[in-house]
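I opened my notebook to look at one structure today. My plan was to start with the ligand and then turn to the cavities.

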Amino acid sequence: MNAQTNVGQQDGHDDILDVVIVGAGFAGMYMLHRLRGLGFKARVFEAGSGVGGTWYWNRYPGARCDVESVQYSYQFDDALQQEWEWSERYAAQPEILRYANHVADRFDLRRDMQFNTRVISAVFDEGRGRWVIETRDGARTTARFCIMATGCLSSPNLPKFEGMASFKGDHYHTGHWPHEDVDFAGKRVAVIGTGSSAVQSIPIIAGQAKRLYVFQRTPNYAVPAHNAPLDPAYVKEVKANYPVMRARAKQTMTGIDFDYSDVKALETPPAARTAEFEKRWQRGGLSFLGAFQDLMMSEEANGTAADFVRGKIREKVEDPKLAELLAPKNTIGCKRLCIDIGYYETFNRPNVELIDVSEDPVEAITEKGVRAKGQEYEVDVIVFATGFDAMTGALLKIDIRGRDGLQLQQKWSEGPRTYLGIAMAGFPNLFSITGPGSPSVLTNMLPTIEQHVDWIAGVLEHMRERGLTAIEPEARAEEDWVGHVGELAGRTLRYTCSSWYLGVNIPGKPRVFMPYIGGFPRYVERCSEIADKGYEGFSLS
Ligand code: NA7
């Protein structure tokens, strides 16, 4: 039987499977590899037709990782990291997808993966102590453990604009982009949204389209990527020193090897402060926010960085009124900082128009285009760069039921509740990789994923060695963790804006800061401590 056809159709009688993994992105791929290495029988279900997760779905023009390629890669296998050649400082989506496929080939992962298979429910059968996983094709599979590797930004948010169905042209969501090239040449295009996906795609679409209308609700801060082909001498040096660089990265808050300053902006004379920002601006990338240690703790300190970037925007954008509209007024870094390639400059082009919908929201989508501010903008194509139902969206789309029929939707009705972002009380033997309550999106996802996978693999090994069959967080431990995550979040400026970290971009979603903001090293230390104490805070039986 072909590995891509229904190897999973066993309808409830397949007690041979130890683990079902949901998702074949970087998390699901490594989880499968790791469990196989330990001799567990695991199978991956994936809604897409191939591996890669985020990089499988986000194929919009300009899609690129904002973490440098030599760091946004697996480190679990030295031969892999030595043999793979990244071509650019920031890898573009096609290259990252090639990398994911290379890993799948190299470790022969596809034979235990079932593609084009969306999981619709996961129900814990208490009598048998097994999860029953149902897929959209109606097949049911059971396994002792269920591991959600469903990603943090994998459930696209398409706002319910009035008249959506009436539009006669083509429309796309950046997070669910077609596999074929979309040709914008000679077309009138609307982009709704100015987050990272828009910041990346707008310069490219503007270069092709006849006319581009950008509907901006909130302007965004972007620092230059200064992307370039990687210098072979640099790559050689990185490869020779990979273990040192990886170890250094693990000591930083984000798991990225940056030079984080421990100097405070407010204790630095203005000229020296500007010089530091300038140095980092010229270098490019997310390390801009590492310039001073108080940037995310004090409004006043943050204002110095924000002022600097606003000044740069004014230099780049020729029309001063337009520059003011593009210059964000909110806290820099509160929403995720974007890195750009010619974003602000794109607005100097005669074929690009910015429509500020901050005060008057988009009124409707019409047959011919977008209506806003009492005017109809006629277009051939609409690009919705409107983001994601982040962190919880993909999990809540699946009907997950634990002990006593407890539904995850019900448990999380006032916001996500997890222990370490990995497990939940009431849901035995269910794990989430980079779930809410873990550092995930505030860190370099690859080392974060590896840490979670290794930790979960450790749990399974521990249980097997002792003949244990069930693990579940104690309610009290979960309660304490949720409190700890919230308490840390409340101390930073990231708590102050309407970001997807807080779920504010989704109408009706509880306003809860979802990722763990205490930093990668502290989180890892806590996870290790818990494991060393025999999985403290978990009940095992
Ligand atoms: P983001 O960063 O959530 O951006 C979505 C954008 O869409 C943002 O500018 C939103 O404005 C805008 N938006 C959402 N709904 C609407 C409506 N109804 N009307 C107008 N504008 C709207 O998603 P991205 O895909 O760009 O990036 C997600 C992450 O991927 C990014 O942080 C990186 O980590 C990679 P708002 O700011 O809410 O006013």
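**Around the ligand**

I began with Thr218: an N or O atom in its side chain lies 2.4 Å from an oxygen atom of the ligand. I noted right away that this is a predicted model.

Next I looked up Arg217, where a side-chain N or O atom is 2.9 Å from a ligand oxygen. For Arg336, I found a side-chain N or O atom 3.1 Å from an oxygen atom of the ligand. Then I checked how far the ligand is covered: on its own it has 770 Å² of accessible area, and the protein covers 86% of that.

Which residues are closest to the ligand? I counted 18 residues around it, and the closest are Thr194, Ser197, Arg217, Thr218 and Lys335. I sorted this shell by class and wrote down seven nonpolar, eight polar and three charged residues.

**Cavities**

How many cavities of 30 Å³ or more are there? My count came to five. I picked the largest cavity for a further look and noted a volume of about 50 Å³.

I then listed what lines the largest cavity. One stretch of names was Pro219, Asn220 and Tyr221, and my list also had Asn330, Thr331, Ile332, Gly333, Lys335, Arg336 and Leu337. By class, I put four of these lining residues down as nonpolar, four as polar and two as charged.

Two names made me flip back a page. Lys335 lines the largest cavity and is also among the residues closest to the ligand. Arg336 is in that lining too, and its side chain has the 3.1 Å pair with a ligand oxygen.

Definitions and conventions. Residues are numbered from 1 along each chain as its sequence is written. This is a predicted model: local features need pLDDT of at least 70, side-chain atom pairs count only at pLDDT 80 or more; totals for chains, interfaces and linings use all residues. Side-chain values use heavy atoms; hydrogens and water are left out. A residue is near a molecule or strand if one of its heavy atoms lies within 4 Å of it. A polar contact is a pair of N or O atoms within 3.5 Å; within protein, one must be able to donate a hydrogen and the other to accept it, and residues adjacent in sequence count only if both atoms are side-chain atoms. Accessible areas come from the Shrake-Rupley method with a 1.4 Å probe; for residues, only the protein chains shown count as cover. Ala, Val, Leu, Ile, Met, Phe, Trp, Tyr, Cys and Pro count as nonpolar, Asp, Glu, Lys and Arg as charged, and the others, Gly among them, as polar. On a 1 Å grid over the protein atoms alone, a cavity is a set of points where a 1.4 Å probe fits but cannot get out, and a pocket is an open set with protein on both sides within 12 Å along at least five of seven lines; lining residues have an atom within 4 Å of a point. Grid points are joined across faces, edges and corners, and a volume is the space filled by probe spheres set on the points.
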